[in-house]
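Please open the model in your viewer, switch to a cartoon representation and keep the selection tool at hand. The tour moves from one group of strands to another, with a pause at individual residues along the way.

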Amino acid sequence: MHSFAHAGRRLRGAAAIVVAVLVAALLPMLAPQAASAAAPAAFTTVGSLRSVEFAGHRYFFADDDRHGLELWRTDGTAAGTELFIDVNPGDADSDGLFPDSINSDQLDRHYFAATPTALYLVGAVCTTQTCSSARNYTPGIYRVDLGTRKLVPVVTGTRYDVIANLESKVILLDFYTDRTYVLDGKTGGLVELTAFRRLNFDVLHRDVSIIAMGGIAYFAAEDVDRDIELWRTDGTNAGTRRVKNIRASASSYPASLVAGTSRFYFVADDGFSGAEIWTSDGTEAGTVRLTEHGVGTSNVQLVVNPPSMVTVGDRLYYYAGTTAYGPELWTTTGTRSSVALVRDLGPGRTGAGIKHLAAVGSSLMFFRAGSAGEDVWATRGTSASTVRVAVGTGYTPPAQAYYRAVQNEPAVVTGQLVYTRNNAGAHEIWQTGVVAGTGKRLARHTGLSGRPTQLLPVGSRLFYTVPTKEQNFGPTRYLPRFATITAVTPALTKAPVPRISGVATVGRKLTAVPGAWAPAPVKLTYRWLRSGKAITGATKASYVLTKADAGKKITVRVTGSRSGYATTSKTSAAVTARLALTKTPTPKISGTAGVGKVFTAVPGTWAPAKVTLRYQWLRNGKAIAGATKSRYTIVAADRGKRLSVKVTGSKAGYTSVAKKSATRTVR
């Protein structure tokens, strides 16, 4: 599964001599043949652990038991899976199986490097039956020509490991000499980086030995004084320098590097606080220690089940053990004050018992044991946001503690976490989003000789293989399988119909009352409509009616959105916009305030004419039954009461207005 470049250091000298002799003989024969064989029913070997996605396809080495180990590609469908280049015609292998003392049956002779303009194969290949039988493969760098379906040699005779991709440049490590080189993805040129003595590269944890961020690689390197500190390079010697001398008296041994968007995190020992978590923006001043989880000079206790440090944007999540809480999930956004326990999932010092940390959108997802298997959890960095999103049945096999360069489970495809489950002997493929109710089983496989492996995204599709044996002692065959990943988006739990508050009169303001949407927080946007059509620029919670609205039906549409949920829109009931009366005087009362006397309403002049007026006499503010004319005869029941009159003016196309007079007290 992984290249152990430093494990066989004593054998390199002899191997280098053999390779050098073979190069001259093999180079003329590097004439791969184009191929377009259809997807096989099964592979006998699949080397997709170091595959790469490029230009809509995923490229990998495999053996279909007819052509040998050759270069294949897939677009995530059976029809789009094909033998791309038959490098070594016939049934001979073109790519070397290079066994080592730890994983003797794993493919370990090639890397892919995808740049914006080209795809490169870095490995050892051969083109004849003779070199395949003798296992004499020619190491080097080859450009994969997609048009002609050929491998074009760039540099041959040297074994390189791909250790970082800076988009247009690729950083390589010479397998035999520990020298560091940069491949220019545009020109194919190769330049050695000489500003430092040696890259401090951990082959067993290659994914945290060097990281790329913003076209810059950050890594630990040894200078001429054998001091190991944090370095950076843009792929040129002029742009290669030490970031900071963290520990002046000795090496700080930076390790466990993980990249964010504008800053990265790592572990280093400054000689005072032990090995703790640091952050850097790539500058000396911006490289600072964040934590002090250890006591004195003891080290932070990162949980070894990888990956123990994962970034979501510029937020770091790390799984560490402390005296107070045991192994739990912590987070920081790059300042000491932001370092916090996410949630105490395991009360006391029990520990959270989590694994398979993965960044999915703006959330972190992970697994932990539940009542019937392993549940899936998600968090956005706070205790309240740390929730179980799927109740698990069965278990996802643990990630390898080492060899993390080939970790591909769980996979993240179109914002979904995709993972395998062993459910009472049945092997299942599941997907889950970052909120509850988004889980879905993609496939269920029974009768396998092992679990489905190599979950490889290709756009919105998934390519994987399932192992099977025709006989108990027969060879394992790997059946290619495909799935399309479509996000399951649950509806918001509360999406009320909004209402409109305010008087629907031209010149007056209407306000949308959206109600309570859930689960909070839900982002709300507004759109005001005139006769069902959007009003230009009317996208706020309030809207002032204009003359163009007169006589039209006005509604407001409220749209609620939240990550992981289906966006929902609700539209209010309509109100009809009317013009405003230009004159609406306050009425007066004439007459003597005594029982048996007559009060007369004096409404004043309303405009624009003609305005229809209606009257309602009031006793202590309440309507008097039947008193709806402009004149009112005072009765005994009115003695000691306050009388007033309300005049309502109405006109077609205009908003009715009611005005109430001052009160008169009957003696």
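**A sheet of three strands**

In this predicted model, begin with the open sheet of three strands, which is ordered β36-β37-β38 and whose pairing is antiparallel. Select β36 (453-458) and then β38 (476-484): these strands stand at the edges with a single partner strand each, so one side of each has no neighbour in the sheet. If you turn the view to follow the sheet across its strands, the twist from one strand to the next averages 25 degrees.

Next, add strand β37 (residues 461-469) to the selection of β36, and you will have a pair that runs in the antiparallel sense over four bridges. Within this pair, show the side chains of Pro 457 and of Leu 462 in β37, since these are residues that stand opposite one another.

**Strand β48 and its partners**

Now move to strand β48 (residues 598-602), and colour its two faces separately: Phe 599 and Ala 601 make up the covered face, whereas Val 598, Thr 600 and Val 602 make up the uncovered one.

Which residue of β48 is the bridge partner of Ile 589? Select strand β47 (residues 588-590), which pairs with β48 in the antiparallel sense over three bridges, and you will find that Ile 589 has Ala 601 as its bridge partner, a residue of the covered face of β48.

Finally, select strand β51 (residues 631-633), which runs antiparallel to β48 and is joined to β48 by three bridges. Here Tyr 632 in β51 stands opposite Phe 599, and Phe 599 likewise belongs to the covered face of β48.

How values were computed:
Residues numbered from 1 in each chain as written. Predicted model: local features only at pLDDT ≥ 70, side-chain atom pairs only at ≥ 80, totals over all residues. Heavy atoms only, no water. Buried < 20%, exposed > 50% of the residue type's maximum accessible area, 1.4 Å probe, protein only. Pairing = 2+ DSSP bridges. Axes fitted to C-alpha atoms, helices over the stretch in contact; angles between N-to-C directions.
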